[in-house]
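Me: I would like a close look at a single part of this model, worked through step by step and then set in its surroundings. Please take one helix as the centre of the discussion and connect the rest to it.

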Amino acid sequence: SSQQLPAEDAPLPPPVVSEPAAVSEAAAVAQSGATIETGQNGPGSRPDTQPPAGAPNTADHVLLTEPLADLNQAEIDALIYMREEEKLARDVYLVLYSEWVSQVFSNIASSEQTHTDAVASTIERLGVEDPVEDDTIGVFVDPRLAELYEQMVDEGLESPVDALHVGATIEEVDMVDIQAAIDRAETPAIIGLYESLLCGSRNHL
């Protein structure tokens, strides 16, 4: 799914699905503090969920320590979009973990939390308004991401195999969008951040 970043209002193209590796099943769903807009816990629902306490974090440690020069508007727009796109990945993986109790979804959700936090920290350093005012699962400012979230969750709740396909789709979308952001970026620190995110997405596949 080769989704484009972000300024143009082009329609969202369909995702490209690759076949992920099989994963092991593990652990019970932990009690959560996050909320979701619809559904109750149970088969076919969209339950409240957070990664279980102590779940391994498979994310690369993304730390942006270089000074930030003045960014152009395209770089700022890309960061704002990436903040919500990484949140989308986290949200979908949390829902899939709660439904199918596959530990790989919990691990990757923890990694995506690290990624979205890294982008949020960069936005804060720039003095740009964070688009994620409400961190509730499934809540997005960008309507394209809200639509993609619904599409991914609906498909992922169909079966465990569909959930794996959704996970692969999320990473394919991320890699396309991150590479596009790298190609447009001029600031070395921002490019370094995106390269770390790109490495994380490759590892998830």
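Reply: What follows is a close reading of helix 3, and then of the helices around it.

The model is a predicted one, and its protein has 5 helices and 0 strands, so the order of elements from the N terminus is simply α-α-α-α-α. Of its 205 residues, 49% count as buried.

Helix 3 takes in residues 143-156, and for these 14 residues a rise of 1.5 Å a residue predicts a span of 20 Å, which agrees with the 20 Å between its end C-alpha atoms. Which residues of helix 3 are buried? They are Arg-144, Leu-145, Leu-148, Tyr-149, Met-152, Val-153 and Gly-156. Because these residues cover an arc of only 155 degrees around the axis, they lie on the same side of helix 3. The general background is that an α-helix has 3.6 residues a turn, so residues three or four places apart point the same way. On the face turned away from the buried side, helix 3 carries the exposed residues Pro-143 and Glu-147. The buried residues, for their part, pack against helix 1 (73-100) and helix 4 (160-184).

These two partners of helix 3 also meet each other. The axes of helix 1 and helix 4 come within 11 Å and cross at roughly 170 degrees. Angles over 145 degrees count as roughly antiparallel, and helix 1 is therefore roughly antiparallel to helix 4. On the helix 1 side, the residues that meet helix 4 include Ala-78, Tyr-81, Met-82, Glu-85 and Trp-100, while those they meet in helix 4 include Pro-160, Ala-163, Val-166, Ile-178 and Ala-181. Ala-181, which has its place in helix 4, is buried because its relative accessible area is 2%, under the 20% cut-off. The C-alpha atoms of Ala-181 and Ala-74 are separated by 8.9 Å, although these residues are 107 residues apart along the chain. For the protein as a whole, among contacts between residues at least 6 apart in sequence, 79% join residues at least 24 apart.

Between helix 1 and helix 2 there is a loop, and Val-101 has its place in it. The phi of Val-101 is near 50 degrees, a positive value in a residue other than glycine. Val-101 counts as partly exposed because its relative accessible area of 24% falls between the cut-offs of 20% and 50%.

Helix 2 (residues 103-126) has 24 residues and reaches 35 Å from its first C-alpha to its last, close to the 34 Å expected at 1.5 Å a residue. Helix 2 is mostly covered, with 17 of its 24 residues buried. Gly-127 follows helix 2, and its phi is positive, near 75 degrees.

Helix 2 has a partner in helix 5 (residues 188-204), the two axes coming within 11 Å and crossing at roughly 170 degrees. Helix 2 and helix 5 are therefore roughly antiparallel to each other. Among the residues of helix 2 that meet helix 5 are Ile-108, Ser-111, His-115 and Val-119, and the residues they meet in helix 5 include Ile-190, Leu-193, Leu-197 and His-204.

To return to the part requested, helix 3 has its buried residues on the same side, where they pack against helix 1 and helix 4.

How values were computed. Residues are numbered from 1 along each chain as its sequence is written. This is a predicted model: local features need pLDDT of at least 70, side-chain atom pairs count only at pLDDT 80 or more; totals for chains, interfaces and linings use all residues. Side-chain values use heavy atoms; hydrogens and water are left out. Helices (H or I, at least four residues) and strands (E, at least two) are DSSP runs, numbered from the N terminus. The expected span of a helix is 1.5 Å times one less than its number of residues. Buried means under 20% relative accessible area, exposed over 50%, partly exposed in between (1.4 Å probe, protein chains only). The arc is that of the directions from the helix axis to the C-beta atoms. Contact means heavy atoms within 4.5 Å. Axes are lines fitted to C-alpha atoms, for helices over the stretch in contact, and angles run from 0 to 180 degrees between N-to-C directions. Angles under 35 degrees count as roughly parallel, over 145 as roughly antiparallel, 65 to 115 as roughly perpendicular and the rest as oblique.
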